[in-house]
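Look at the model below with its cysteines and its sheet in mind. The paragraphs that follow take these in turn.

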Amino acid sequence: MESGAKNMDLSFPKEAYQNLGSESVCLRHEPCPSCGSKDNLARYDDGHAFCFSIDCDHYEHSDSGSTVVPRTKSEKNKSTFTPVRGEFKEISKRKISESTCRKFGYKIGKYEGKSAHLAAFIRDGEVVGQKVRLKGKEFRTLGDCSDLWGQHLWSSGKKICITTGELDALSVAEAQNCKWPVVSIPNGDKSAKKVVAKNLEWLLGFEETILMFDMDKSGQQAATEVAELFPPGRCKVARLGKKDANLLLTEEGGSAVVDAIWRARVHRPDGIIAGADTWDLVNCPMTASDHEYPWQELNNKTLGARKGEIVTFCAGTGAGKSTAVKEIASYLLSKGETVGYIALEESVRQAAVDFMSIEANKMLHLEKDLDEEYRRGIWEKVFADNRLYLYDHWGSLDADVLASRIRYLVHSCNVSWIVLDHLSIMVSGIEGGDERRLIDNIMTQLRSLVEELNIGMFIVSHLKRPQQGKGHEDGKQVTLSDLRGSGSIAQLSDFVIGLERDQQSDGETSIRVLKARYKGSSTGLAGRLYYDTNTGRLKECGTSSMESVRSDGQEDF
């Protein structure tokens with residue numbers, strides 16, 4: 001139990017894992033007291049019970065004080081089990097022949113006056129149990145149905161297929177004229193791991209086990225759990241192209257089922273990808289960037305901005321970090337992108353006015369005589385199309401909360417670019433926390449998020465105060481070692497861009513690329529910006545500003 005604890009599915013009762021491979025026998029199915037299902041609660045001979053409904057997982061301990069139903073005399077003596085009578089018939093709707101049904105012991109009959117499918121569980125030539133399938137996928141379990149269904153037909157061999165339903169097993173058999181072994185899990189996806197664990201020694205008598213589980217989430221989760229029980233290379237997982245094997249047979253024919261068997265691939269743990277599986281990843285147009293920056297010299301150095309990357313901007317106090325990332329965000333908005341702006345050191349009102357000022361090309365907070373109609377017009381240009389989202393929060397912020405907000409922005413608001421201003425304040429109010437460790441955790445989460453969500457992210461980071469000499473506010477050159485808090489900022493960022501400005505000089509800001517991970521990019525100076533005191537804008541020295549060119553109706557570059 002110790003070695004398997006790491007991979008334990010926490011939604012599955014701990015006791016059920018402790019029973020893996022146990023010899024308890026399912027006696028029958030009963031109504032579930034938790035979810036109200038008619039027969040999804042499986043009662044075992046040691047008294048414990050488990051509900052196999054997808055959203056239930058009700059579990060009763062054998063010693064919990066719950067009513068323990070003892071095995072009846074007929075259940076103790078398997079030889080007295082009396083199967084429900086039926087006939088071997090073709091199941092034309094499912095494209096399964098009578099001969100296949102006869103081989104597996106699958107009959108059509110009546111149970112309690114209702115038409116039913118009867119799947120026989122056979123051991124030592126004797127029917128010891130039956131699984132009864134009624135209309136509407138209602139099931140009843142009679143006698144001992146604890147084996148893999150169809151297990152009695154095979155002993156060992158080259159390949160064996162496992163499905164999660166009797167009709168699917170019959171479909172696989174039908175497709176290959178019953179030549180290759182196939183069995184089925186007796187009680188659905190959630191029982192798969194336990195049943196396979198119990199019969200693992202028998203299954204290892206075959207050179208190869210192929211899982212042909214349903215292609216829904218539950219089926220594929222069960223396939224992963226089962227595959228990890230096998231020695232490496234001994235288990236394959238089939239991709240069906242349809243929900244299940246019977247649907248594949250009825251809609252595409254037996255050859256499609258056989259192809260799925262032969263195309264099944266060896267199970268690999270999450271995160272390990274064979275080179276042969278990468279074609280779909282590389283068979284797509286590749287571009288140098290998803291968008292350019294609003295400054296040409298920076299584009300020349302970085303080859304633009306890309307989704308899946310973290311770009312960190314750093315500078316001394318007052319050098320224009322926030323102004324720079326707002327310019328970039330505004331530029332992305334002008335190109336039709338959707339942006340999430342998370343500013344932790346300013347109010348939503350201030351951020352909104354700043355974006356409106358960029359659009360208006362004037363500092364609106366200094367304008368005293370602007371009428372409401374004009375302000376409304378600017379506001380609608382920035383916000384009316386609902387492509388800019390702001391986060392109403394000030395100060396420190398838990399990393400998990402930040403991650404949940406970013407996921408919401410991406411999944412619910414279609415945001416493709418995130419701006420986080422700034423990193424240091426996220427941990428500033430956390431009492432007793434180690435700043436380096438906290439920033440390490442945040443950067444690791446952010447790195448995972450940009451990969452998982454395929455978004456671009458711009459982060460603002462502060463710098464350490466120099467121990468001697470002039471400070472960054474006096475124009476000191478920025479280096480990676482100046483980043484404040486943790487080395488992970490530089491390590492996990494794709495680009496680190498420093499802004500250098502002597503606040504006592506002419507006000508020009510140098511852009512310096514400190515780290516460039518993207519192939520073809522380079523580090524070093526990437527142009528200069530100047531702050532236009534009339535408009536509050538950052539403009540590239542020696543070039544026209546984005547807005548002045550845009551006002552003529554021309555492209556930015």
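A residue is called buried when its relative accessible area is under 20%. By that cut-off C235 is buried, because its relative accessibility is 2%. C178 is buried too, at 16% relative accessibility. Keep in mind that this is a predicted model.

Now turn to the cysteine sulfurs. How many disulfides does the structure hold? The number is zero. C178 shows the spacing: the nearest cysteine sulfur belongs to C101 and is 9.3 Å away. A disulfide requires two cysteine sulfur atoms within 2.5 Å, so a gap of that kind rules one out for C178.

Next comes the sheet. Nine strands build it, and it is open. Read across, the order is β17-β16-β18-β19-β15-β20-β21-β22-β23. The pairing is mixed. Which strands stand at the edges? They are β17 (388-390) and β23 (537-540). Each has a single partner strand, so one side of each lacks a neighbour in the sheet. From one strand to the next, the twist averages 25°.

Start at the β17 edge. Its pairing with β16 (residues 339-343) is parallel and runs over three bridges. One residue pair can be named here: V339 has L388, in β17, as its bridge partner.

A helix packs on this sheet. It is α12, residues 321-334. Its contacts take in both β16 and β17. α12 also touches β15 (310-315), β18 (417-421), β19 (456-461), β20 (495-501) and β23. The direction of α12 makes about 165° with that of β16.

How values were computed: Residues numbered from 1 in each chain as written. Predicted model: local features only at pLDDT ≥ 70, side-chain atom pairs only at ≥ 80, totals over all residues. Heavy atoms only, no water. Buried < 20%, exposed > 50% of the residue type's maximum accessible area, 1.4 Å probe, protein only. Pairing = 2+ DSSP bridges. Helix = DSSP H or I, 4+ residues; strand = E, 2+ residues; numbered from the N terminus. Axes fitted to C-alpha atoms, helices over the stretch in contact; angles between N-to-C directions. Contact = heavy atoms within 4.5 Å.
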